[in-house]
Amino acid sequence: MKRFMILGLSLLMTLFMSCEDKDDADDEGHHESISVTTSDVDEGAFYYNLVSASEDTTTWHVSLQNVDVGGGYFMPSIVLDSTVMIAIDNSESFDELDDIPDNSQWSAEIGILSYGGSNEVLSYDMTTHSISVSDDNYLVYVTTTHQVFKLHFDEYSSGVAQFRFAEMTE
């Protein structure tokens, strides 16, 4: 009988120790961020699908392209596909950004991130001949799937950009 009780208690202890104690409040709305390094824009445009988390020239949401700015000059630029809407957030760090904007904050004006746009991601400094990267966070609403992603560009150097993104849920 004593052996049966010890075996029973051992099984119960094993069950208690193997159960994961999850705090739903801590995990709610958080997804692991994915880091992406683009190919060299001077060798061709880079197209990325946020939903499939893969490079995709057919169904893409974010692109790094050289755009013609006139006079035979081309500038690297972040371009968004017409199937997305955008919101800008500069109040929080990327990792702390948890709130999905309400409907009034989304803009269909996707050109604002491109070269010369009001919230361009890559800015060219004529005096130093260097490109700086905006510190803003970009929220991207994919209209075809109704998914929201937070996006942050970390670096641009010699035609290659690095960004990270994560899906957001309510």
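Here are a few friendly notes on the nonpolar cores, a strand hairpin and Tyr141 in this predicted model.

1. A good place to start is the largest nonpolar core, which holds 26 residues. Leu151, Phe153, Phe163 and Phe165 have the most contacts inside it. At least two residues of this core come from each of β2 (46–49), β4 (62–70), β5 (73–80), β6 (84–89), β9, β10 (147–157) and β11 (160–168). The largest share, four residues, is supplied by β10.

2. Phe163 is worth a look on screen. Setting aside neighbours within four places in sequence, Phe163 is in contact with Ile34, Ser35, Val36, Thr38, Phe46, Tyr48, Leu151, His152, Phe153 and Asp154.

3. Another core, of seven residues, lies apart from the 26-residue one. Leu97, Leu139, Tyr141 and Met168 are among its members.

4. Now to Tyr141, which sits in strand β9 (residues 137–142). Its C-alpha atom is 5.4 Å from that of Val84, although the two are 57 residues apart along the chain. Beyond neighbours within four places in sequence, Tyr141 contacts Thr83, Val84, Met85, Trp106, His146, Gln147 and Val148. With His146 there is a side-chain to side-chain polar contact at 2.4 Å.

5. Finally, do follow β2 through its pairings. β2 pairs with β4 in the antiparallel sense over three bridges, and with β3 (residues 54–55), also antiparallel, over two bridges. Tyr48 stands opposite Val62 in β4 and opposite Glu55 in β3. β2 and β3 form a hairpin with four residues between them, and Ala53 in the turn has a positive phi of about 55°.

How values were computed: Residues are numbered from 1 along each chain as its sequence is written. This is a predicted model: local features need pLDDT of at least 70, side-chain atom pairs count only at pLDDT 80 or more; totals for chains, interfaces and linings use all residues. Side-chain values use heavy atoms; hydrogens and water are left out. Contact means heavy atoms within 4.5 Å. A polar contact is a pair of N or O atoms within 3.5 Å; within protein, one must be able to donate a hydrogen and the other to accept it, and residues adjacent in sequence count only if both atoms are side-chain atoms. A nonpolar core is a set of buried Ala, Val, Leu, Ile, Met, Phe, Trp, Tyr and Cys residues joined through side-chain atoms within 4.5 Å. Buried means under 20% relative accessible area, exposed over 50%, partly exposed in between (1.4 Å probe, protein chains only). Two strands pair if DSSP finds at least two bridges between them.
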